[in-house]
Amino acid sequence: MHPPSFDPRHRLSDWPACSLEVRCPCSPRLTIIPIRLLIERHGDRPFQGVLARLQCSTCKGRPAPVYLVAGHNRTFMYGPPAEWALELVPVPSSGRTGLLSPNPSGN
Ligand SMILES: [Zn+2]
């Protein structure tokens, strides 16, 4: 299944069934943020504003990579893979690792 076209000017409500997958170089943890939760907490913003404000709770840096993933029933360690994922924030320059393979020991 191919990703639909995404534009950072889209609002969160344009992608209500998706989630953000957020990683930070400071930690192996993968954080899943449902779009619906972002809307509840921060209102219906354009993605570019949301991405600009993302901050790692551990190191206060800008997390990367960030993916928009489909499949709101996905549970990240045990569920099926996402139907598709879009890279919103690129992987840091150290290279791509485990693109959509959640680390099973990252708890
Ligand atoms: Zn961090």
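Mentor: Before we start, one definition: a residue is buried if 20 or more other C-beta atoms lie within 10 Å of its own, with C-beta atoms placed from the backbone. Please keep in mind that we are reading a predicted model.

Trainee: With that cut-off in hand, how many residues of strand E1 are buried, and on which faces?

Mentor: The general idea is that in a regular strand the side chains alternate between the two faces of the sheet. In this structure, six of the six residues of E1 are buried, with Ser19, Glu21 and Arg23 on one side and Leu20, Val22 and Cys24 on the other, and both faces are therefore covered under the cut-off of 20 or more neighbouring C-beta atoms. For the protein chain, by contrast, 18% of the 107 residues count as buried.

Trainee: In what order do the strands of the sheet lie, and what is the sense of their pairing?

Mentor: The sheet is open, its four strands follow the order E2-E1-E3-E4, and the pairing is antiparallel. Strand E2 (27-34) and strand E4 (85-89) each have a single partner strand, so one side of each of these edge strands is left without a neighbour in the sheet. Neighbouring strands are turned by 25° against each other on average, direction ignored.

Trainee: Which residues stand opposite E1 residues in E2 and E3?

Mentor: Towards E2, the antiparallel pairing of E1 runs over six bridges, with Leu20 opposite Ile33, and the two strands form a hairpin with two residues between them. Towards strand E3 (residues 66-69), strand E1 (residues 19-24) pairs in the antiparallel sense over four bridges; here Ser19 stands opposite Val69, while Glu21 stands opposite Tyr67.

Trainee: What pattern do the helices and strands follow along the sequence, and where does helix H1 lie?

Mentor: The protein chain has two helices and four strands, and read along the sequence they give the pattern β-β-α-α-β-β. Helix H1 (residues 35-42) lies across E1 and E2, running at about 75° to E2. As for sequence separation, among contacts between residues at least 6 apart in sequence, 64% join residues at least 24 apart.

Trainee: Which residues have the most contacts inside the largest nonpolar core, and which elements contribute to that core?

Mentor: That core has 14 residues, and those with the most contacts inside it are Leu12, Tyr67 and Leu68. Two or more core residues come from each of E1, H1, helix H2 (47-53) and E3, with E3 giving the largest share, four residues. Leu12 has contacts beyond four places in sequence with Ile35, Leu38, Ile39, Asp44, Arg45, Phe47 and Val50.

Trainee: Where does pLDDT stay under 50?

Mentor: The general caution is that where pLDDT is low, the predicted coordinates should not be read in detail. The protein chain averages a pLDDT of 81, and 72% of the residues score at least 70. Over residues 101-107, however, pLDDT stays under 50, and for this stretch the model has nine contacts beyond four places in sequence.

Definitions and conventions: Residues are numbered from 1 along each chain as its sequence is written. This is a predicted model: local features need pLDDT of at least 70, side-chain atom pairs count only at pLDDT 80 or more; totals for chains, interfaces and linings use all residues. Two strands pair if DSSP finds at least two bridges between them. Axes are lines fitted to C-alpha atoms, for helices over the stretch in contact, and angles run from 0 to 180 degrees between N-to-C directions. Two residues are in contact if their C-beta atoms, placed from the backbone, lie within 7 Å. A residue is buried if 20 or more other C-beta atoms lie within 10 Å of its own, exposed if 12 or fewer, and partly exposed in between; C-beta atoms are placed from the backbone. A nonpolar core is a set of buried Ala, Val, Leu, Ile, Met, Phe, Trp, Tyr and Cys residues joined through C-beta atoms within 7 Å. pLDDT is the predictor's confidence in each residue, from 0 to 100.
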